[in-house]
Amino acid sequence: MDPYILGIVVYLAILTGVGIYKSRKVKTQDDFMVAGRKTTALFLAGTLVCTWVGSGSLFGGAGLAFRSGISQLWMSAGAWVGIAFVYFLADRVRKISKYTISDILEQRYNSLARIFGTTAVIIAYLTIAGYQFRGGGRLLNILTGMDPQTGAAVTCVATILFTIIAGMVSIIAMDLANGIMIIVGVFIALPLAYGAVGGSQALASLPADRFAVFGPEDSVWAMGVFFPTFFLLMGESSMYQKFFAAKDGKTAKKAVIGMIIGVIIVETSLCLLSVIGSAKYLSVAPFANADGSLDKAATETIILYLARHDLPTFAGVLLICAGVAIILSTANTFLMVPSTNVARDIYQRFINPGVSEQAIVKFQRIWIVILGIVAFIVANFFKSILDMAFTAYTMVGAGITPALLAAFLWKRVTVQGGVASIMAGMG
C-alpha cells in the first residue's frame, strides 16, 4: 500500500478508537453538546487550536501566502488579536453555563435574536464545514488522483461518522491527538522543505515584495484580510460552546492562553511553508498558467504538494497526516455546532421543550447527517476555499459579533438595537 495512504488509514483508525471509547461516556445532553462540562485546560486548548486552524489556513491562507508572501499573516493576525480580546471574556462565558451563543443572545435580547443568531451561525458554519470537505477532496486528489468532488464526498461521510460517534466528548478527545500531529508534522516539514527547494538561494529569487510588510498590496488590503478573521474570532460560536465545556472559568482562561500560543506557531509555520514552496513553484505548472498568471485554486494546494513531491517519505506522511488532522478537526466541530443550534435553539426551544435527553441526542445525530449533506452541496457554489472562508467569516463577524459583544460589555444596549444589529449584519 502507498505509504501516504497507509499513514492516513492508521491515523484515522487511532482516532476512531478514541471516539468509540469516549462514546461509552455519553449519557446526557450535557455530555453530547458540551462534553459534560468537565474539560481540562490542556484538552480545551488543544481543541480550540484545532478548531481554528482548518482548511482556511491549510488551503486558503497557504494560497494567499504563495501569491503574496509573508503579508498573508495579516489574515492570521486578525485571529491572534481576537483571541487576546476573548481571554477577558472566557471566565464570564463559562459562568453562564449555556449550550450555544444563541442562548446568550436570547437571554440578553429576546427569542427573535435567538432565531436570527441561529440562522447566521448555521449559514456560516455549513459554509466552513463545506470547505473542509473540499480541502479533503484536494488532499485525496493529490495522493491518489481521485476526482476532487468524489474526495470531498468521502471526506463528508468520514466527518459525519466521526461527529455522530460521541459529539463534543469525542471531538475534544480526538483534538488533542490532532494537535500533536499538526505540530509534529509541520515542524519536521519546515527545515526539510527549506532544503528541498534550494534554501536561501531559492528564496532570494522571489520578488522582494514577498517579504514586505504588505506584500504586493497596501495597508487597505491588509485591513481587508485582518478584520474578517478578527470579528469572526470574537463571535466564534464553537469557541464559546467549548468554553461551556470547561471545568470552570479559570480553566477556560488558561485554555485561551494555550490557544493563542498554538495558533500563532501553527499559522506562522504554514505561512512559511507556503512561501518556501513558492520559491520553487512560482512559475511552474500547475501553479502558474501559460500566460504567467497564478492559478488561485492550485496555489491553495502548495503545502500538500510539497508533502507529496518534495519531502522525504516519512516527513511527507507526517505532513499529510497533519493535513488530515487540520481538515477533520475543524470539519467535525463546524458540523457539531450548527447541529447543536438546530437541536437546542430550534427544536428544544420552540417545538418540543419537554424532549428527553436521550431523544435530543438522537435528534441531533440525525441533523448532523442532514447538515453534512447540505454543507457538501453548499461547497459547490464557490470557486476557491479563500472565497468561502471570507464569506463565512463576514456572516459571523457582521451578524453575530457586535450584538454578542454588546451583550457582554454594554449595559445600555437595547433589545431592539441587538436584534436590528444581527439582522442588518446578516443582510
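**Aromatic pairs, a nonpolar patch and a buried helix**

Tyrosine 87 has a relative accessibility of 26%, so this residue counts as partly exposed: the value falls between the 20% limit for buried and the 50% limit for exposed residues. The structure described here is a predicted model. Next along the chain, phenylalanine 88 is exposed, with a relative accessible area of 62%.

These two residues offer a friendly way into the aromatic contacts. A search of the whole structure gives 19 aromatic pairs. In one of them, the ring centres of tyrosine 87 and phenylalanine 88 are 5.3 Å apart and the ring planes meet at 85°, so the arrangement is edge-to-face. Tyrosine 281 and tyrosine 305 also form an edge-to-face pair, because their planes lie at 85°, with 5.1 Å between the ring centres. Tyrosine 281 belongs to helix α13 (residues 249–281) and tyrosine 305 to helix α15 (residues 302–309), so this pair ties together parts that are 24 residues apart in sequence. Both tyrosine 281 and tyrosine 305 are buried.

Aromatic rings also come together in a group. Phe85, Phe226, Phe227, Phe230 and Phe231 are linked into a cluster by ring pairs. Another kind of contact involves a charge and a ring: the charged end of arginine 37 sits over the ring of tyrosine 99, at 4.9 Å from the ring centre.

Turning to the surface, Leu112, Ile115, Ile346, Phe350, Ile351 and Met423 make up a nonpolar patch of about 510 Å². Two helices, α7 (111–144) and α16 (313–351), each supply at least two residues of this patch. Helix α16 provides the largest share, with three residues. Methionine 423, also part of the patch, is found in helix α20 (residues 415–426). With a relative accessible area of 39%, methionine 423 is partly exposed; patch residues need over 30%, so the value of 39% for methionine 423 meets that requirement.

Helix α12 (residues 237–244) gives a view of the covered parts of the model, with eight of its eight residues buried. The run begins with Ser237, Ser238, Met239 and Tyr240 and continues through Gln241, Lys242, Phe243 and Phe244. Each of these residues counts as buried because its relative accessible area is under 20%.

Note on methods
Residues are numbered from 1 along each chain as its sequence is written. This is a predicted model: local features need pLDDT of at least 70, side-chain atom pairs count only at pLDDT 80 or more; totals for chains, interfaces and linings use all residues. Side-chain values use heavy atoms; hydrogens and water are left out. Rings of Phe, Tyr and Trp (its six-membered ring) pair if their centres lie within 6.5 Å; planes under 30 degrees apart count as stacked, over 60 as edge-to-face and the rest as tilted. Buried means under 20% relative accessible area, exposed over 50%, partly exposed in between (1.4 Å probe, protein chains only). Helices (H or I, at least four residues) and strands (E, at least two) are DSSP runs, numbered from the N terminus. A charge sits over a ring if NZ of Lys or CZ of Arg is within 6 Å of the ring centre and within 35 degrees of the ring normal. Patches are made of residues with over 30% relative accessible area and no salt bridge: like charges are joined within 9 Å, nonpolar side chains (Val, Leu, Ile, Met, Phe, Trp, Tyr) within 5 Å. Accessible areas come from the Shrake-Rupley method with a 1.4 Å probe; for residues, only the protein chains shown count as cover. A salt bridge is a side-chain nitrogen of Lys or Arg within 4 Å of a carboxyl oxygen of Asp or Glu.
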